[in-house]
Amino acid sequence: MTYIAREQWEQHYSDGRGFRQVGERERALLAEHTPAPDGGGRALEVGCGTGELTVYLASLGYRVDAVDFAGSALARAREEHADVAGVRWLQLDIERDDPAPLHDALYDLVIMRLMYPFVRDRERVLHGLGERLRDNGVLVVITPVAANTPAQRRGIALDEDEIAVLTAGWATVERHDADGLALLVLRGPRHTGTRAVEKGPTTGHALTGALAVVTDDAGRVLLGRSRRGMLELPGGKTSGPEDFAAAAVRELAEETGLIVDPADAYVVTMLVDDSHGVPRLTAVVRITAWSGKLSNPEPDKFARWEFFDLHALDGAGAVFAPAAQALDAVWPGVVPSLPPVVSYPLAVEQPPVPGEPAEAVRLRQAMAQTVIDGGWAPSEAVRNALRSVPRHRFAPEADLAAAYDGDRAIITRRDGTGAAISSVSATWLQADMIESLCLTPGATVFEAGSGGYNAELIAHVAGPDGRVVTVDIDPWVVRRTRRFLTEAGSGRVTAVEADATLGAPAHLVPRGGFDAGVITYNCWDISPAWREQLAEGGRLVLPLEIGGYTRAITFERRGEVLHARRFTHCGFVRDQGQHARAVPAVPVLDGGLTLRFDDGAAADPKGLEEALRGRRHEVATGITMGAGVYFGSLQLYAATTLPGFCRLHAHQDGGVTAIAKDHDAPAITGDASLAYLTYVQTRHSERPEDKEWEWVVHAFGEQGPQLAEQLATTVRAWDRNVRADDNDQHVDPGLAVHPAGTPDHLLPAGDVLDKEHCRLVFRWPGRNGHLPAPARPTDTVATAKGEA
């Protein structure tokens with residue numbers, strides 16, 4: 001009984017045959033070590049056969065998902081155990097099928113009895129099952145062991161080396177004997193971490209070799225568990241005048257039995273390092289197509305070959321250092337914390353490599369539908385892009401559920417402090433920004449800030465004759481983007497390493513300018529190049545910081561002026577280019593509070609310390625709000641209409657301001673005086689919809705009462721002229737962006753906010769004043785009496 005094909009198992013159970021019965025020792029051990037939690041638990045049995053163990057688990061108090069890929073086994077199980085409650089019988093190939101039928105909730109117990117040796121990709125399957133466990137959940141493997149199994153039946157058993165691999169990385173491992181079977185009780189989480197390791201010292205003056213990077217039809221990468229106790233890619237040394245691609249093809253056939261046409265082998269990167277002081281040159285060879293059946297022709301060198309999920313490579317344990325570096329060359333970032341290596345990427349015309357699991361297709365359609373249902377993708381072109389472009393292939397370090405969470409950004413790079421500096425943005429926001437571009441077929445688009453996925457969405461919307469130029473200042477991000485575009489892209493995106501604030505390189509700018517541009521990081525200023533490289537009437541969408549609050553604003557170019565067409569509340573990683581700006585911050589009260597002046601000059605902290613230790617003045621605005629009310633428009637209104645505006649951050653609880661730790665409040669400053677806006681709960685209820693809060697202004701210092709009244713007046717004006725009962729219907733301001741240096745008399749009426757390279761003129765309903773420039777903090781009270 002060493003067959004593994006589904007058809008053979010179907011026949012096996014159709015013929016009335018069964019499996020080794022569950023012994024009393026097994027039952028006793030399971031009852032002792034895996035009792036159901038109080039109130040019952042949820043169990044998953046993989047390879048349930050005709051359901052004998054399933055019924056026993058149900059008797060212990062578990063609700064059981066019983067899984068097998070043989071329909072004939074499940075038919076017998078349903079018939080023989082029709083009276084057993086709490087069991088779902090599911091036909092599913094745990095290795096190859098979309099796991100959608102499994103329960104969304106995590107399991108208290110996952111059990112594999114007498115079937116683990118039949119699994120091909122054992123480590124991938126084990127990792128995936130471990131991810132389905134609750135905290136303190138248990139995975140049990142019951143298996144024959146080679147020492148107790150006749151030689152002719154060793155295929156159904158595990159040797160001690162395989163058991164060591166199976167149990168590696170779990171927090172606790174218990175092994176029990178169950179009448180000659182090994183009953184392994186594993187508690188986690190299972191995550192061994194990845195470390196690049198070397199083999200023993202070698203001889204010779206230099207080493208040259210080639211490693212083959214091969215993926216299956218689900219996009220998983222082939223790795224071998226070598227007898228040295230590490231994972232390796234297929235490959236080895238070159239022989240004589242053999243080229244690197246030919247060496248990889250030869251070694252792949254010798255080690256795995258897979259056959260590759262040399263035309264489908266591409267040398268994509270050369271790696272240079274040393275092995276125990278001996279120089280080493282390794283070619284990374286990407287295989288784009290193969291045939292044959294995976295086997296293990298060299299069992300003295302490898303225990304087995306398996307296909308691994310890319311997102312699981314951060315917990316793969318020991319990986320041969322050149323293999324780890326080769327994986328990183330094809331999918332930068334997928335293997336963490338690698339030793340240094342010199343990498344020479346080659347400009348190779350490699351075709352895209354297909355492959356994704358059925359689960360990815362299902363999750364992508366669900367993600368697209370969620371975005372569509374949210375109203376973020378009204379056009380069919382954007383909808384088709386969301387349904388078609390494989391987001392997970394541009395974030396291979398994320399599991400599929402995270403990759404297709406449309407509300408979530410995937411962080412792909414952090415700086416030395418841990419701050420995110422590159423990410424794949426939330427899909428709803430990407431869809432919204434692309435819709436705002438109003439692209440037509442054949443459009444050419446500039447993107448600042450790379451990653452690959454957003455650019456491919458744009459390319460899909462622009463169609464076969466469209467083109468996207470994406471620019472990023474980080475060499476690692478550009479290398480990663482280029483590789484992912486090569487692996488899964490359309491060929492219509494060009495990735496460039498440069499400071500995106502300077503726009504695209506001149507030779508890539510179309511005559512007449514880009515039809516559209518999109519900036520994918522927070523901008524404090526608007527680069528002149530973005531306007532200058534934009535075609536007349538073209539649209540530019542960018543996340544602009546205004547008083548510390550970010551909005552994705554859609555602009556349309558009319559001559560030298562950019563006119564805002566819509567606003568979307570958002571947040572992105574910060575700018576790293578020439579326009580990157582450190583926000584002036586003034587700490588007070590021994591660092592317990594910080595005043596951040598995102599626009600305009602910072603206030604003199606002299607006198608604020610003393611004021612904050614004095615009496616607090618309070619003004620109730622009379623403006624209330626319920627649960628779930630959007631007040632982002634109030635923040636923007638205050639930031640653009642109040643001179644001396646800043647944000648007050650609290651770094652500890654229980655301070656004089658009553659602002660919660662790590663929160664901030666809109667504020668304005670005067671001479672040794674400060675006022676800020678917060679809210680207090682005025683109606684309590686068990687039902688969220690019945691709760692209510694009122695906006696209240698607090699102030700300190702001699703000018704505090706005047707500042708407080710000014711801030712309260714602003715809140716009332718916002719409530720009267722901007723706010724709407726429907727959160728989606730708040731009024732956006734009119735906004736025109738003029739080049740820096742534009743004289744005041746040439747600006748339209750409105751509230752002016754000056755940046756280094758541009759002048760922003762806001763026009764809010766109900767405001768007729770014209771402030772030609774931000775007032776100095778000391779002038780706050782004197783200038784605050786304009787229209788509100």
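Is S72 buried or exposed? With a relative accessibility of 11%, S72 counts as buried, where buried means under 20% relative accessible area, exposed over 50% and partly exposed in between, taken with a 1.4 Å probe and protein chains only.

Before moving on, note that this is a predicted model, in which local features need pLDDT of at least 70, side-chain atom pairs count only at pLDDT 80 or more, and totals for chains, interfaces and linings use all residues. Residues are numbered from 1 along each chain as its sequence is written, and side-chain values use heavy atoms, with hydrogens and water left out.

**Stop 1: the whole protein**

Show the full trace. The C-alpha trace spans about 95 × 70 × 50 Å along its principal axes. The protein has 19 helices and 36 strands; helices (H or I, at least four residues) and strands (E, at least two) are DSSP runs, numbered from the N terminus. Of the 788 residues, 55% are buried. Contact means heavy atoms within 4.5 Å. Among contacts with a separation of 6 or more, 63% are between residues 24 or more positions apart.

**Stop 2: S72 and helix α4**

Select S72, which sits in helix α4. Apart from neighbours within four places in sequence, S72 is in contact with W9, E10, Y13 and S14. Now extend the selection to residues 71-80, the whole of α4. This helix lies across β2 and β3 and runs at about 160 degrees to β3. Such angles run from 0 to 180 degrees between N-to-C directions, and the axes are lines fitted to C-alpha atoms, for helices over the stretch in contact.

**Stop 3: the sheet beside α4**

Strands of a sheet pair through backbone hydrogen bonds, either parallel or antiparallel. Here two strands pair if DSSP finds at least two bridges between them. Colour the open sheet of 7 strands, whose order is β3-β2-β1-β4-β5-β7-β6 and whose pairing is mixed. Its edge strands are β3 (87-91) and β6 (172-178), each of which pairs on one side only. On average, neighbouring strands of this sheet are turned by 15 degrees against each other, direction ignored.

At the β6 end, select residues 160-167 for helix α6. Helix α6 lies across β5 (133-144), β6 and β7 (181-187), running at about 20 degrees to β7.

**Stop 4: strand β1**

Select residues 41-46. Strand β1 is largely enclosed by the rest of the structure, because 6 of its 6 residues are buried. G41, A43 and E45 point one way from the strand, while R42, L44 and V46 point the other way.

Add residues 62-68: β1 and β2 pair in the parallel sense over 6 bridges. In β2, Y62 is the bridge partner of G41, and V64 is the bridge partner of A43. Then add helix α3 (residues 52-59), which makes a right-handed β-α-β unit with β1 and β2. Right-handed means that, with the strands pointing away from the viewer, the path from the first strand over the helix to the second runs clockwise.

What does β1 pair with in the parallel sense over 4 bridges? That partner is strand β4 (residues 107-113), where M112 is the bridge partner of V46.

**Stop 5: the largest cavity**

A search of the whole structure finds 4 cavities of 30 Å³ or more. On a 1 Å grid over the protein atoms alone, a cavity is a set of points where a 1.4 Å probe fits but cannot get out, and lining residues have an atom within 4 Å of a point. Grid points are joined across faces, edges and corners, and a volume is the space filled by probe spheres set on the points.

The largest cavity holds about 310 Å³ of space. Select A448, G449, S450, D472 and T520, which lie nearest its centre among the 30 lining residues. Which strand gives the most to this lining? β19 does, with 4 residues.

**Stop 6: the β25-β26 hairpin**

Select residues 549-558 and 561-569, strands β25 and β26, which run antiparallel and are joined by 8 bridges. F555 has A564 as its bridge partner in β26. The two strands form a hairpin with 2 residues between them, and G559 in the turn has a positive phi of about 65 degrees. Next add residues 734-739: 2 bridges join β26 to the antiparallel strand β34, with A736 as the bridge partner of H563.

**Stop 7: G614**

Finish at G614, in the loop between α16 (608-612) and β29 (617-626). G614 counts as partly exposed, because its relative accessibility is 39%. Add F700, which is 86 residues away along the chain; the two C-alpha atoms are separated by 6.9 Å.

Notes. 1 Å grid on protein atoms, 1.4 Å probe; cavity = no way out; pocket = protein on both sides within 12 Å on 5 of 7 lines; lining within 4 Å.
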